[in-house]
Amino acid sequence: MSNTTDTGLQSSSNDSPWWSDAVFYQIYPRSFADSDGDGIGDLGGVRDKLGYLELVGVDALWLSPVMRSPMVDHGYDVSDARDIDPLFGSLVTMDALVTEAHGRGMKVTMDLVPNHTSDQHEWFRAALAAPPGSPERARYIFRDGTGEGGSEPPNNWPSIFGGPAWHRVTEADGTPGQWYLHIFAPEQPDLNWSEPEILADLEKTMRFWLDRGVDGFRIDVAHGMAKPADLPDMDLSVNELMRNEDGDPRFDDDGVHEIHRAIRRVIDEYDGAMTVGEVWVQDNERFSRYIRPDELNLGFNFRLAEAPFDATAIRDAIDNSLDAVDRVGGVPTWTLSNHDIDREVTRYGDGDIGRRRARAMALVLLALPGVVFVYNGSELGLPNADLPDSALQDPAWLRSGGTERGRDACRVPLPWEGTEPPFGFSTSDDTWLPMPPSWAPLTVEAQLEDVDSMLSLYRTALGLRAVRPEFARPGIEWYGSPPGCLAFRRRGGVICALNTTDAPIALPPGELLLASTPLEDGMLPADAAAWLI
């Protein structure tokens with residue numbers, strides 16, 4: 001194999017921020033570990049499992065929302081952003097978690113949800129009680145309707161979860177009134193970011209948590225806070241539930257960048273604090289704007305998580321991800337799944353094929369330069385769970401009339417120990433989503449005792465990534481590879497080879513460091529990856 005292409009222009013220095021090559025572990029709190037026996041995970045459960053996370057070898061935690069919420073969208077409908085929901089614990093629990101994680105050498109970051117609030121937020125309750133044109137309503141996006149008597153929505157925007165993105169209110173006198181915008185569920189009204197009070201309140205929230213020792217934030221819907229002033233109709237021919245395309249007027253409005261500059265000014269007041277934004281933008285140039293030096297520290301790029309198990313598609317995802325950050329000297333981010341994306345074991349194929357491919361992609365993921373995000377359960381090789389309709393709770397399922405099953409299948413609680421549900425997740429058999437009995441071989445307990453398990457692979461790979469100098473430098477160089485395969489070399493020296501074909505291939509020259517599956521007569525098997533030095 002010959003060297004063909006050099007990709008990745010990020011600079012590297014000894015004073016790089018802690019997050020520039022960190023491995024973040026995403027915790028979906030209600031599915032991680034339950035400490036109080038109600039069948040729902042909580043912060044006490046996270047505290048109980050900090051030793052496990054240290055054993056896995058991650059650098060930082062990302063907590064999905066734990067603020068006060070009616071839980072219509074499982075925490076992404078926030079009613080009080082400066083308190084912990086009792087479902088998860090208290091501020092005392094959160095403070096103890098941060099302190100204990102820091103004591104084990106792990107940072108703690110948490111979700112912020114600035115695009116919208118809960119309809120139970122005090123601001124929105126005040127807006128409903130106030131008349132049209134009032135300061136209370138100005139905090140949200142209220143508009144008069146169209147058509148006879150204002151009976152039609154202000155524009156044709158659909159909700160990401162299905163149905164229209166507008167909900168009509170009943171005024172105080174009992175008459176049909178204005179409409180308010182909700183890009184997600186009706187219980188999640190969008191904030192009006194042209195009002196200075198909105199930014200002032202977010203700054204207060206950020207300082208509240210940063211002062212308590214939180215190390216940074218994942219910004220939910222980071223590409224969606226600003227809206228075009230004229231709220232133009234959109235092209236519905238490209239509309240798809242749970243997705244948005246470039247050019248969608250609901251997202252990626254240029255006004256969002258001033259919001260991110262304001263967020264960055266607060267972040268820069270705190271030594272070592274950071275942000276990573278959820279940025280569903282495909283165009284590399286437009287994506288790069290979010291991570292300019294005065295905006296987000298990092299932006300989630302989901303190309304690798306969306307790529308099929310195909311060498312050409314995977315290389316394209318890597319190239320585009322690197323191109324997007326190189327335009328502004330940024331740091332790339334990589335993930336294979338999260339709470340909104342089907343688990344990789346399921347995406348890549350059924351049963352053993354999916355597991356083999358997920359093992360291979362774990363090595364690709366952890367060989368890449370930059371920041372890695374691992375969704376809880378990925379290190380166990382969990383697949384999506386096959387849930388009955390009666391168990392589904394995602395707003396997408398409820399709002400789509402049962403045509404979109406939503407994200408529940410990738411959110412099922414983690415199996416810790418034992419041979420039957422709830423596998424040590426809770427003392428209650430009635431977990432918030434049912435756990436498949438077939439997960440018995442996938443528990444943490446079972447995998448810790450198996451040197452060939454997915455968990456053992458992750459632990460070994462993370463350990464090597466943390467200490468080997470071959471992983472120390474940014475940037476990659478592509479090697480020439482047979483069709484259906486790829487190989488790249490980190491500038492530090494490690495080589496990663498991936499075989500997506502159905503036959504073994506010869507490895508590049510070098511000493512084998514780690515393989516996702518045993519070699520066959522010195523060759524890399526089908527659906528496998530290897531590291532060499």
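Select cysteine 410 to begin: this residue is buried, with a relative accessible area of 1%. The model on the screen is predicted, and the tour continues from this residue to the cysteines, the sheet, the cores and the whole chain.

**The cysteines**

Next, select cysteine 496. This residue is also buried, at a relative accessible area of 1%. Which cysteine sulfur is nearest to that of cysteine 496? The sulfur of cysteine 485 is the nearest, 12 Å away, and cysteine 496 is in no disulfide. In general, a disulfide is a covalent bond between the sulfur atoms of two cysteines. For this model the count of disulfides is 0.

**The sheet**

Now colour the strands. An open sheet is formed by 8 strands, in the order β12-β11-β10-β6-β3-β2-β14-β13, with parallel pairing. Which strands stand at the edges? Select residues 298-300 for β12 and 333-335 for β13: each has a single partner strand, so one side of each lacks a neighbour in the sheet. If direction is ignored, neighbouring strands of the sheet are turned by 25° against each other on average.

Stay at the β12 edge and select residues 274-278, which make up strand β11. Strands β11 and β12 run parallel and are joined by 3 bridges. To find a bridge partner, display valine 276 together with leucine 298, its partner in β12.

Then select residues 91-103, helix α3. This helix packs on the sheet, where it touches β3 (60-63) and β6 (107-112). The direction of helix α3 makes about 140° with that of β6.

**The nonpolar cores**

In soluble globular proteins, nonpolar side chains tend to be buried together. The largest nonpolar core of this model has 128 residues. Select Tyr25, Leu53, Met94, Phe217, Leu304, Ile318 and Trp531, the residues with the most contacts inside this core. Helix α12, residues 351-367, gives the most to this core, with 9 residues. Apart from this core lies another, of 16 residues, including Ala185, Leu231, Met234 and Phe251.

Return to leucine 53 and show its surroundings. Neighbours within four places in sequence left aside, leucine 53 is in contact with Tyr25, Ile27, Phe32, Val58, Leu61 and Met106.

**The whole chain**

Finally, zoom out to the protein chain, which has 15 helices and 19 strands. Its C-alpha trace spans about 80 × 50 × 45 Å along the principal axes. The radius of gyration is 23 Å, which agrees with the value near 24 Å for a compact globule of 533 residues. Of these 533 residues, 58% are buried.

Definitions and conventions
Residues numbered from 1 in each chain as written. Predicted model: local features only at pLDDT ≥ 70, side-chain atom pairs only at ≥ 80, totals over all residues. Heavy atoms only, no water. Core = buried A, V, L, I, M, F, W, Y, C linked by side-chain atoms within 4.5 Å. Buried < 20%, exposed > 50% of the residue type's maximum accessible area, 1.4 Å probe, protein only. Helix = DSSP H or I, 4+ residues; strand = E, 2+ residues; numbered from the N terminus. Contact = heavy atoms within 4.5 Å. Pairing = 2+ DSSP bridges. Axes fitted to C-alpha atoms, helices over the stretch in contact; angles between N-to-C directions. Disulfide = S-S within 2.5 Å. Rg over C-alpha atoms; globule rule 2.2 N^0.38 Å.
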